[in-house]
There are 2 protein chains.
Amino acid sequence: MTSRSTPVLATVAELAGVSAPTVSKVINGRDDVAEATRMRVQAALDQVGYRSPSQRRIRSTGPAMVDLVIGVHDGAYSMEVLRGILDYAVTVDVDVVVSSHTPNKLSRVDHEEWAQRMKESGRTGIIFVTSQVSSDQVRAFSQRGIAVVVIDPLNPPPPGGYASVGATNWAGGKAATEHLLSLGHERVAFLGGPVAAECSIARLHGYLAALMSRGIASRADYVFDGGFNRETGVAATRAVLDLAEPPTAIFAASDTIALGVLEVARERGLRVPDDLSLVGFDSTPLAEQTLPRLTSVAQPLQEMGRAALRGVLRLARGEQLDSAHTELATELVVRDSTARLISTRS
Amino acid sequence: MTSRSTPVLATVAELAGVSAPTVSKVINGRDDVAEATRMRVQAALDQVGYRSPSQRRIRSTGPAMVDLVIGVHDGAYSMEVLRGILDYAVTVDVDVVVSSHTPNKLSRVDHEEWAQRMKESGRTGIIFVTSQVSSDQVRAFSQRGIAVVVIDPLNPPPPGGYASVGATNWAGGKAATEHLLSLGHERVAFLGGPVAAECSIARLHGYLAALMSRGIASRADYVFDGGFNRETGVAATRAVLDLAEPPTAIFAASDTIALGVLEVARERGLRVPDDLSLVGFDSTPLAEQTLPRLTSVAQPLQEMGRAALRGVLRLARGEQLDSAHTELATELVVRDSTARLISTRS
DNA sequence: CTGAAAGCGCTTACAG
DNA sequence: CTGAAAGCGCTTACAG
């Protein structure tokens, strides 16, 4: 007849068939414990759901806390996601801890320490936004019962995997390119972000798919990568406009890249959209403020935030997610930077 | 010779001249302790800075945590403030806990409980944004060593007082009105927010001061109040346009109110700014999205957020603030909704 | 109301 | 590596 009351150290010791001091050592990460013993004790700890006195105090008190770690502090994007998270957090009575952590700098040991600290201060889960997340890192959290969801992961999910929320980047890239093709453009360039970034790769392939479905051959000299920033837009646009056959339209994989395109167009006396059509990606407030206003693919950032928090809370409750990766729909927002191709420039 | 090591229960007991159990009772709020004894023990607790084991563990671990409580979840405004706070938080390595608390619903007892819970989870300070904050509430926190700063308090600081950060609402109201006067308008209406809201009152008085300095008499039928929302703008604009002598310009105390003004103008076939000039307040992204774009008084919301966090951290370090209330400068941003008065409508 | 005594949960120092 | 013994910090039950 097992006791229903809160498990204490002795409970675990009995279950694991060791003494209390040994359990204590395992909990505190001492290294003078045999590996086999450690595993047996760990299993017992997990089984009874042991929590230290300070943890017992914390867990029971106040609303659940979920951490938010923002990898790339690029402002508009992450603030929109945060807004979605906060809106939902208020309705489900969850405190959101916006972490000042800069996870990319951390080694594996630090991850363990970080996860441990989060467990000790009673965090329910953690959401990463546009971060490089390793499976080691995810394991450090999930082993301690802290749920993890990644929004728009930069790297493809590792084999171990983690739950993630993203946008339909491929479909968005395809829609952007199809819009340009339907306006009569056949020479369309693609200006991408980091080569390794999943979202950028997906947008590129959407672009390629749209070209292919129209029977237009893709050209390697029309495809660039770099970063999601103005500088990439400037450099790539200069290069592509210097080609013998420059494109009549450009699909930039982010609004910030498109900003660089606009800058070079102005510099060279090209009017947008009359001489050059341009589609961006993200449809952040930026897209409303440029002249001309930017046709751009909108990501449902607030919804992504909400979905991530919902996912974390479900995982924390021990439920299964319907799918490890959720993709929410992007939408092309047509503004003033795209127009029908009139005359073909040589 | 007093020990320098962390004070434990016995330390306090000796200092207060009682036994350990008695100190334990005081800490846990038992009522079987004589009032005089309780006070003596409390004094000893404060003197040595006693913290329970769980508190000792928490305080020493991880970055400082500051809570943010958003009173009015009106989106754009509080998100800008939050952004300023987060920018600064990253540089000083502070975690920001965006609380899902709805403080206005809490009674005094709840305040004590809330503050206690915050202390137990090791919070350094708390920032309230556009909230009704009572001195009881502030006391509950500061008595537990949790620093409090209020951004743009809705009510005037009570006698006890608290540190606060705001914008120069009076100067902003004056600048908005002077802009309209300098364009030749003499019949200028004021559409305010809640009568009791400090910021709205200050804007009204800025408006009155501008009129007065030009020797223009203020008219009671040109002054309205309500809430910071579209509905107030709609109702007040209808009323003021129905006057025998309608105004040629309107100063709305928020962009959301101005939205209502634009709606009624459209409804009545009045062109803005040709037939009616309009100035808003806040200069949120909204002001960029209306047609015409809104001339509006910008509040330095991000700076206010930064200043509040800086203030909390200084208070937490035991430093004095230079001033209990800091006002950061507003700035009139002229866009397309104001124009020179051409013909006087009857 | 107060505190000596017993007890709880955990950790430490050390013998084997 | 392991655990009996001692110890620490706190709380509880109860005698006065």
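Two strands count as paired if DSSP finds at least two bridges between them, with strands taken as DSSP runs (E, at least two residues) and helices likewise (H or I, at least four), numbered from the N terminus. In chain B, strand β3 (residues 123-129) and strand β4 (residues 147-151) run parallel and are joined by 5 bridges. One residue pair to look up here is Val129(B) with its bridge partner in β4(B), Ile151(B).

A word on the model itself: it is predicted, so to speak of local features takes pLDDT of at least 70, side-chain atom pairs count only at pLDDT 80 or more, and totals for chains, interfaces and linings use all residues. Residues are numbered from 1 along each chain as its sequence is written, while chains are lettered from A and ligands numbered from 1 in the order in which they are written.

β3(B) and β4(B) sit side by side in an open sheet of 12 strands, ordered β11(A)-β5(A)-β4(A)-β3(A)-β1(A)-β2(A)-β2(B)-β1(B)-β3(B)-β4(B)-β5(B)-β11(B), with mixed pairing. At the edges are β11 (325-328) of chain A and β11 (325-328) of chain B, each pairing on one side only. From one strand to the next, the twist averages 20°.

Over in chain A, helix α1 (residues 9-16) and helix α2 (residues 20-27) have axes that come within 8 Å and cross at roughly 105°; axes are lines fitted to C-alpha atoms, for helices over the stretch in contact, and angles run from 0 to 180 degrees between N-to-C directions. That makes α1(A) roughly perpendicular to α2(A), a label for angles of 65 to 115 degrees (under 35 is roughly parallel, over 145 roughly antiparallel, the rest oblique). On the α1(A) side, Leu9(A), Ala10(A), Val12(A), Ala13(A) and Ala16(A) meet Ala20(A), Val23(A) and Ser24(A) of α2(A), contact being C-beta atoms, placed from the backbone, within 7 Å. By class, this contact has 7 nonpolar, 1 polar and no charged residues; Ala, Val, Leu, Ile, Met, Phe, Trp, Tyr, Cys and Pro count as nonpolar, Asp, Glu, Lys and Arg as charged, and the others, Gly among them, as polar.

Then there is the DNA. Around strand C are 17 residues, the closest being Val8(A), Leu9(A), Ser24(A), Ser19(B) and Ala34(B) (near means a C-beta atom, placed from the backbone, within 6 Å). The largest share of that surface, 4 residues, comes from α2(A). DNA strand D also has 17 residues around it, and Ser19(A), Ala34(A), Val8(B), Leu9(B) and Ser24(B) come nearest. For strand D, α2(B) gives the largest share, 4 residues. By class, the surface near strand D has 10 nonpolar, 6 polar and 1 charged residues.

Note on methods. Two residues are in contact if their C-beta atoms, placed from the backbone, lie within 7 Å.
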